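Got the viewer open? Load the model, switch to a cartoon with side chains on demand, and follow along.

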Amino acid sequence: MVTNPYKILDIPETASDEEVKTAYRKLAKKYHPDKYVDSPLKDVADEKMKEINEAYDMIMDMRKNKNSQNQSSYGSSTGYGGASDPIFQRVRQLIMANSLDEADRMLDSMADSQKIAEWYFLKGMIASKKGWGEQAFQYIQRAVQMNPGNPEYTAAYQNIMRARQYGAGGAYNQPNQQYGCSCCDMCAGMMCADMCCNCCGGGC
């Protein structure tokens with residue numbers, strides 16, 4: 001799984017579309033399967049070529065989606081505020097599969113320039129599923145501040161605010177702590193778990 005496509009193509013994130021294409025062609029020529037037909041490195045070259053193709057497609061998709069987001073506050077029809085980005089889509093899938101650590105690593109590996117509202121929203125979803133209530137609140141609040149017109153972020157923020165009210169004085173209001181066992185804390189935890197499922201596009 002490619003996590004940093006720019007690194008694969010050995011170009012900066014500020015590279016123009018033409019520079020991206022030039023870098024891709026150069027590497028594709030170097031690792032083209034036809035050059036390794038009878039070589040012991042054939043499998044390595046095939047894997048490298050697959051990685052290069054994936055990196056190129058990912059960069060072009062990200063740029064296409066970014067242009068779409070600039071034209072609409074809700075992004076493209078496949079998602080809100082960045083959800084159509086291949087990396088963010090993958091993170092959402094990992095969250096739904098409860099692979100929270102892997103999802104967190106993918107987000108942390110992204111460059112600062114990629115940390116748009118969707119990045120903060122998904123960090124909040126992960127924190128909420130882990131029971132880190134205060135972190136979840138801060139991340140989702142930041143997502144709403146960056147993109148106040150996004151209905152998904154707003155709904156999550158409203159849900160987490162209600163959960164904070166139910167869990168007032170409990171473990172939910174303490175950073176980096178798991179939910180406690182009081183009735184209020186359990187209620188808050190259930191609301192946040194439900195929020196994660198609904199906002200990330202499926203059931204738990």
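Is Lys 129 buried, partly exposed or exposed? Select Lys 129 and turn on a surface: at 23% relative accessibility, it counts as partly exposed. Here buried means under 20% relative accessible area and exposed over 50%, with partly exposed in between (1.4 Å probe, protein chains only). Lys 129 belongs to helix α6, residues 117-129. Helices (H or I, at least four residues) and strands (E, at least two) are DSSP runs, numbered from the N terminus. Now add Ile 95: its C-alpha lies 8.6 Å from that of Lys 129, although 34 residues separate the two in sequence.

A word on what is on screen: this is a predicted model, in which local features need pLDDT of at least 70 and side-chain atom pairs count only at pLDDT 80 or more, while totals for chains, interfaces and linings use all residues. Residues are numbered from 1 along each chain as its sequence is written, and side-chain values use heavy atoms, with hydrogens and water left out.

**Zoom out**

Colour by secondary structure. The chain has nine helices and zero strands. Of its 204 residues, 42% are buried. For contacts (heavy atoms within 4.5 Å) between residues at least 6 apart in sequence, 56% join residues at least 24 apart.

**The core**

Next, show Leu 9, Ile 11, Ile 95 and Leu 107 as spheres. Within the largest nonpolar core, which has 44 residues, these four touch the most other members. Such a core is a set of buried Ala, Val, Leu, Ile, Met, Phe, Trp, Tyr and Cys residues joined through side-chain atoms within 4.5 Å. Two or more residues come from each of α1 (5-9), α2, α3, α4 (86-96), α5 (100-108), α6, α7 (133-146) and α8 (151-166). Which helix gives the largest share of this core? That is α3, with eight residues. Colour by domain and you'll find at least three core residues from each of domain 1 (5-67) and domain 2 (86-166); those bounds come from an automatic or database domain assignment.

Stay on Ile 11 for a moment. Skipping residues up to four places away in sequence, Ile 11 touches Tyr 6, Val 20, Ala 23 and Ile 59. Then pick out α4, where Pro 86, Ile 87, Phe 88, Val 91, Arg 92, Leu 94 and Ile 95 are buried.

**Rings**

Hide everything but the Phe, Tyr and Trp side chains. A search of the whole structure turns up six aromatic pairs. Rings of Phe, Tyr and Trp (its six-membered ring) pair if their centres lie within 6.5 Å; planes under 30 degrees apart count as stacked, over 60 as edge-to-face and the rest as tilted. Centre on Tyr 24 and Tyr 56: the ring centres are 4.4 Å apart and the planes at 25 degrees, so this pair is stacked. Tyr 24 sits in α2 (residues 17-30) and Tyr 56 in α3 (residues 42-71), so the pair ties together parts 32 residues apart in sequence. Tyr 56 is buried, at 19% relative accessible area.

Move on to Trp 119 and Tyr 120, an edge-to-face pair with 4.9 Å centre to centre and 80 degrees between the planes. Trp 119 is buried, at 5% relative accessibility. Add Tyr 139 and you have a cluster of the three, linked by ring pairs. Now show Arg 142, whose charged end sits over the ring of Tyr 120, 5.6 Å from its centre. The test for that is NZ of Lys or CZ of Arg within 6 Å of the ring centre and within 35 degrees of the ring normal.

**Back to α2**

Select Lys 21, which lies in helix α2. Lys 21 is partly exposed, with a relative accessible area of 29%. Leaving out neighbours within four places in sequence, Lys 21 is in contact with Tyr 56 and Met 60. The C-alpha atoms of Lys 21 and Tyr 56 are 7.9 Å apart, across 35 residues of chain.

**Two loops to finish**

What is the phi of Asp 10? It is positive, about 60 degrees, although Asp 10 is not a glycine. Find Asp 10 in the loop between α1 and α2, exposed at 67% relative accessible area. Asn 98 also has a positive phi, near 65 degrees. Look for Asn 98 in the loop between α4 and α5, where it is exposed at 52% relative accessibility.
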